[in-house]
Amino acid sequence: MTYRRVVPIAFALLAPVARAHSQIPVSDTVKPLTADSLRLGALQDTAVMRDPRGRELALLTEQSRLRQQNITAEQRPTLTVEGQAQYQSDVARIPIALPGGISPPTPQHDTYDAHLAAGQRLYDPSVGARRAMEDAQLLESQARLRAELYPVRQNVSDAFFAALQAQSQISELQLAITDLEAQHRVAAARVREGTALQSEEKALRAEILRRRQSLAEVAASRRAALAILSDLTGKAYDSTTLLGATDLATQVRHARDSLSILRARPEYEQFARSRAVLEQQERARKAQDLPRVSAFGRAGYGRPGLNPLSTKFDSYWLTGVQLQWSPWTWGTGKRDREVLALQRQIIAHEEQQFTDNLRRGVEQDLATIDRLDGAVRDDDEIVALRESILAETRSRFNEGVVTSADYVDRQTDVLSARTTRALHRVELAQARARFLNTLGIEAH
C-alpha cells in the first residue's frame with residue numbers, strides 16, 4: 001500500500017478549512033491535559049456570555065419594568081382639562097306667559113365651557129392579573145433567549161474538536177517525519193559510501209517533503225478552527241495554544257441512566273414559561289369581565305353652568321362614583337378562553353415534537369459512542385502490530401535487505417494506524433460531548 005492511497009483516508013475526517021500552508025512548530029504537538037489547556041466547557045461558557053444577544057436579558061428586564069410602571073400609573077388620579085365653545089341653532093323654551101307680561105328666560109344660542117375633570121380608580125380586578133401576566137411574559141422572554149443562545153455551545157464544540165483533531169494528527173505526523181529523517185540519514189550515508197543507489201535516498205527525501213506538506217495542511221486547518229474559537233469567545237489563540245479534552249465517560253454514563261427523566265435543555269423551560277403566560281392571560285381575561293368602580297369629579301366655568309336656563313357665566317362643580325360592568329359580551333370571553341386552550345395544545349405538541357427529535361438525536365449519539373468505544377480498543381492492538389512490523393522492517397532496512405520504498409510503505413501503515421487511533425479518540429470525545437449537549441448537560 002502506498003502513501004498516496006493511505007493519507008487521504010487518514011485525513012478524510014478533517015475537512016480543510018484553509019488553504020494556507022506553513023511549517024508547524026514543535027509546540028503544536030499534543031500534550032497531556034494541564035491547567036493551561038483550553039477546556040470545552042469553559043470555552044462554551046465564554047462564548048455564550050460574549051454573544052451580543054446575551055445583553056438582551058437586561059433589555060428585556062428594563063422593558064418589563066417600564067410596563068409595570070405604566071400599570072402602576074393607571075392607579076393614580078387622572079386629570080383632564082377640556083374647553084368647548086359652540087353655537088346651536090335652537091335652544092329650549094318654555095311656551096308660557098306669566099302675569100304682568102313676564103316671559104321665562106331663553107338660553108343663549110352660543111355656549112361656553114371650560115372644566116377640569118379628575119378620576120380615580122377605586123376597584124379594578126384586572127390590575128393584579130395584568131401584573132402577574134407581565135412577570136410571566138418576562139420569564140418567558142428570558143427563557144426563549146436562553147434557548148436561542150444554546151446552539152452557540154455546539155458551534156464552539158465543532159470548532160474545538162476540529163482543532164483538537166488537527167492537534168492530534170500533527171503529533172503523529174511529526175513523529176513519522178522524525179523517523180523518516182533518521183532513515184534518510186542512514187540512506188544518505190550509504191550513498192556516500194557507494195553501498196546504495198541515490199534513488200534510495202531520494203525516495204525518503206521525497207516522502208519527507210510530502211509529509212511536511214500534509215503537516216502544513218493540518219496546521220492550517222488547526223489555525224482556522226482556532227480562529228473560529230477566537231471569534232466566538234473574543235480571546236486570542238495561536239499555534240502555541242493547547243486544547244484538552246476531559247474524560248466525559250462518567251457524565252455520559254450517568255446521563256444514559258437518566259434519559260427518561262432528563263429535561264435540562266433550555267427549550268423545556270421555555271415551554272413551561274409559555275404555559276405560565278397562558279394561565280396568566282386566562283386570569284386577566286376573566287378579570288376583564290368583572291365590575292370596576294371609580295370616582296370622578298369635575299369643576300368648571302361656562303355659560304350656562306349647571307343651570308341650563310341661565311344666561312350668565314357661572315362656575316360649577318360635581319362629583320360621584322361610577323360603576324362599569326358588561327355582564328353580557330356575546331360570548332367573546334368564552335371564545336378568548338377557547339383560543340388560549342388551543343394555544344396550550346399547540347405548545348404541548350411542539351414540546352412533544354422537540355422531545356421526539358431529542359430522542360432520535362440521542363440514539364444516534366449513543367450508537368456512535370458505542371461504535372467508537374470498540375474501535376478505540378481495537379486501535380491499540382492494530383497500532384502495536386503495525387509498530388512491530390515496522391521495527392522488523394527498520395532492522396532489515398538498516399541491514400540493507402529491504403528498499404526505501406518498502407520501509408516507507410511500512411512506516412505509512414504505522415502512521416495510518418496511529419492517525420486513525422488519534423482520530424477515533426477525538427471522535428469519541430466529540431460524540432460524548434455532543435450527547436451531553438443534546439441533553440442540555442454542561443461538559444465538565
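## Cores, sheet and cavities of a predicted model

Phe-161, once its neighbours within four places in sequence are set aside, is in contact (heavy atoms within 4.5 Å) with Leu-40, Val-426, Ala-429, Gln-430 and Ala-433. The structure is a predicted model, in which local features need pLDDT of at least 70 and side-chain atom pairs count only at pLDDT 80 or more, while totals for chains, interfaces and linings use all residues. Residues are numbered from 1 along each chain as its sequence is written, and side-chain values use heavy atoms, with hydrogens and water left out.

**The nonpolar cores**

Besides the core to which Phe-161 belongs, there is a second, separate core of 19 residues, which includes Ala-166, Ala-176, Leu-180 and Leu-390. A nonpolar core is here a set of buried Ala, Val, Leu, Ile, Met, Phe, Trp, Tyr and Cys residues joined through side-chain atoms within 4.5 Å; buried means under 20% relative accessible area, exposed means over 50%, and partly exposed lies in between, with a 1.4 Å probe and protein chains only. In soluble globular proteins, nonpolar side chains tend to be buried together.

The largest nonpolar core has 33 residues, and those that touch the most other members are Phe-160, Phe-161, Leu-229 and Phe-435. Two or more residues of this core come from each of helix H2 (40-50), helix H5 (151-193), helix H6 (198-233), helix H7 (249-257), helix H9 (332-398) and helix H10 (404-439), and H10 gives the most, with eight residues. Helices (H or I, at least four residues) and strands (E, at least two) are DSSP runs, numbered from the N terminus.

Which residues does Gln-430 touch, not counting those up to four places away in sequence? They are Asp-158, Phe-161 and Gln-165. Gln-430 lies in helix H10 and counts as buried because its relative accessibility is 17%.

**The sheet**

Four strands form an open sheet in the order S1-S2-S3-S4, with antiparallel pairing, where two strands pair if DSSP finds at least two bridges between them. Strand S1 (78-87) and strand S4 (314-324) stand at the edges, and each has a single partner strand, so one side of each is left without a neighbour in the sheet. From one strand to the next, the twist averages 20 degrees; axes are lines fitted to C-alpha atoms, for helices over the stretch in contact, and angles run from 0 to 180 degrees between N-to-C directions.

S1 and strand S2 (residues 110-123) run antiparallel and are joined by ten bridges, whereas eleven bridges join S2 to S3, which also run antiparallel. Three of the facing residues are set out below.

| Residue | Residue opposite or bridge partner | Strand of the second residue |
|---|---|---|
| Gln-84 | Asp-113 | S2 |
| Ala-85 | Tyr-112 | S2 |
| Ala-114 | Tyr-301 | S3 |

In a regular strand the side chains alternate between the two faces of the sheet.

**Loops around the sheet**

Where is Pro-304 placed? Pro-304 is in the loop between strand S3 (292-303) and S4, and a cis peptide bond, with omega about -5 degrees, joins Arg-303 to Pro-304. Trp-330 is placed in the loop between S4 and H9, and its phi is near 55 degrees, a positive value in a residue other than glycine. Trp-330 counts as exposed because its relative accessibility is 66%.

**Cavities and a pocket**

The structure holds three cavities of 30 Å³ or more, and the largest cavity has a volume of about 70 Å³. On a 1 Å grid over the protein atoms alone, a cavity is a set of points where a 1.4 Å probe fits but cannot get out, and a pocket is an open set with protein on both sides within 12 Å along at least five of seven lines; lining residues have an atom within 4 Å of a point. Grid points are joined across faces, edges and corners, and a volume is the space filled by probe spheres set on the points.

Among the residues that line the largest cavity are Leu-40, Phe-160, Phe-161 and Ala-429, and the elements that give two or more residues to this lining are H2 and H5. The second largest pocket has a volume of about 240 Å³ and is lined by 13 residues, of which Leu-259, Leu-262, Thr-355, Arg-359 and Leu-439 lie nearest its centre. H9 gives the largest share of this pocket's lining, five residues.
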